[in-house]
Amino acid sequence: MAAAAGPVPVPGRRGRLRVADRVYARIAARAAREVLAEAWPAGRARGAPPHVSVAVPGSTVTVRVALELPFPSDVAALAGAVRERIAARVVGLTGTRVSDVVIVVEKLVTGGTP
């Protein structure tokens, strides 16, 4: 037996969806790992996994990622690729605007492609 359907409330009164901070962090960490896997020879990333923290002030999200990058490599281009992938994934999967992605390179790990 189907429930009786009443009038549908207007969109502003239906409620809100809140995405947990850990969801943003997991999306960002996965996006960073994908880019790093592409940067290492044979796709085998080395070093510590990315450490991600997020802040959600209002309707935007700010992401901070600490990475270990391969050396030798174009560090600036690799950091930019990580930044772009994180922003695209967060917006694509959650619909939340990304106000900033801060990349912190903590260590360079030998074994990258020259």
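1. T96 is buried, at a relative accessible area of 11%, in this predicted model. The residue sits in the loop between α2 (75-94) and β3. Its side chain makes a polar contact of 2.8 Å with that of Y24. Leaving aside residues up to four places away in sequence, T96 touches Y24, S59, T60, V61, V90 and V91.

2. Y24, the polar partner of T96, is itself one of the buried residues of α1. The others listed there are A25, I27, A28, A29, A31, A32, V35, L36 and A39. Cover for these buried positions comes from elements including β1, β2 (60-71) and α2.

3. What span should α1 have, and what does the model give? With 19 residues at 1.5 Å a residue, α1 is expected to span 27 Å, and its end C-alpha atoms are 27 Å apart, so the two values agree.

4. Within α1, R30 and E34 form a salt bridge, with the closest N and O atoms 3.6 Å apart. The two residues are four apart in helix α1, about one turn. An α-helix has 3.6 residues a turn, so residues three or four places apart point the same way. R30 counts as exposed, at 52% relative accessibility, while E34 counts as partly exposed, at 22%.

5. E34 also pairs with R85, in a salt bridge of 3.1 Å from N to O. Because R85 lies in helix α2 and E34 in helix α1, this pair ties together parts that are 51 residues apart in sequence. R85 is partly exposed, with a relative accessible area of 23%.

6. R85 has a further salt bridge, to E38, where the closest N and O atoms are 3.3 Å apart. Here too the pair runs between helix α1 and helix α2, so it ties together parts 47 residues apart in sequence. E38 counts as exposed, at 57% relative accessibility. Salt bridges with shared partners join R30, E34, E38, R85 and R89 into one network. The count of salt bridges comes to four.

7. P49 is in the loop between α1 (21-39) and β1 (51-55). Is this residue buried or exposed? P49 counts as exposed, because its relative accessibility is 62% and the cut-off for exposed is over 50%. Its C-alpha atom is separated by 8.1 Å from that of A29, 20 residues apart along the chain.

8. A nonpolar patch on the surface is formed by F71, V105 and L108, which together have about 240 Å² of accessible area. Of these, L108 is in strand β3 (residues 97-110) and is partly exposed, at a relative accessible area of 40%.

Terms used: Residues are numbered from 1 along each chain as its sequence is written. This is a predicted model: local features need pLDDT of at least 70, side-chain atom pairs count only at pLDDT 80 or more; totals for chains, interfaces and linings use all residues. Side-chain values use heavy atoms; hydrogens and water are left out. Patches are made of residues with over 30% relative accessible area and no salt bridge: like charges are joined within 9 Å, nonpolar side chains (Val, Leu, Ile, Met, Phe, Trp, Tyr) within 5 Å. Accessible areas come from the Shrake-Rupley method with a 1.4 Å probe; for residues, only the protein chains shown count as cover. A salt bridge is a side-chain nitrogen of Lys or Arg within 4 Å of a carboxyl oxygen of Asp or Glu. Buried means under 20% relative accessible area, exposed over 50%, partly exposed in between (1.4 Å probe, protein chains only). A polar contact is a pair of N or O atoms within 3.5 Å; within protein, one must be able to donate a hydrogen and the other to accept it, and residues adjacent in sequence count only if both atoms are side-chain atoms. Contact means heavy atoms within 4.5 Å. The expected span of a helix is 1.5 Å times one less than its number of residues.
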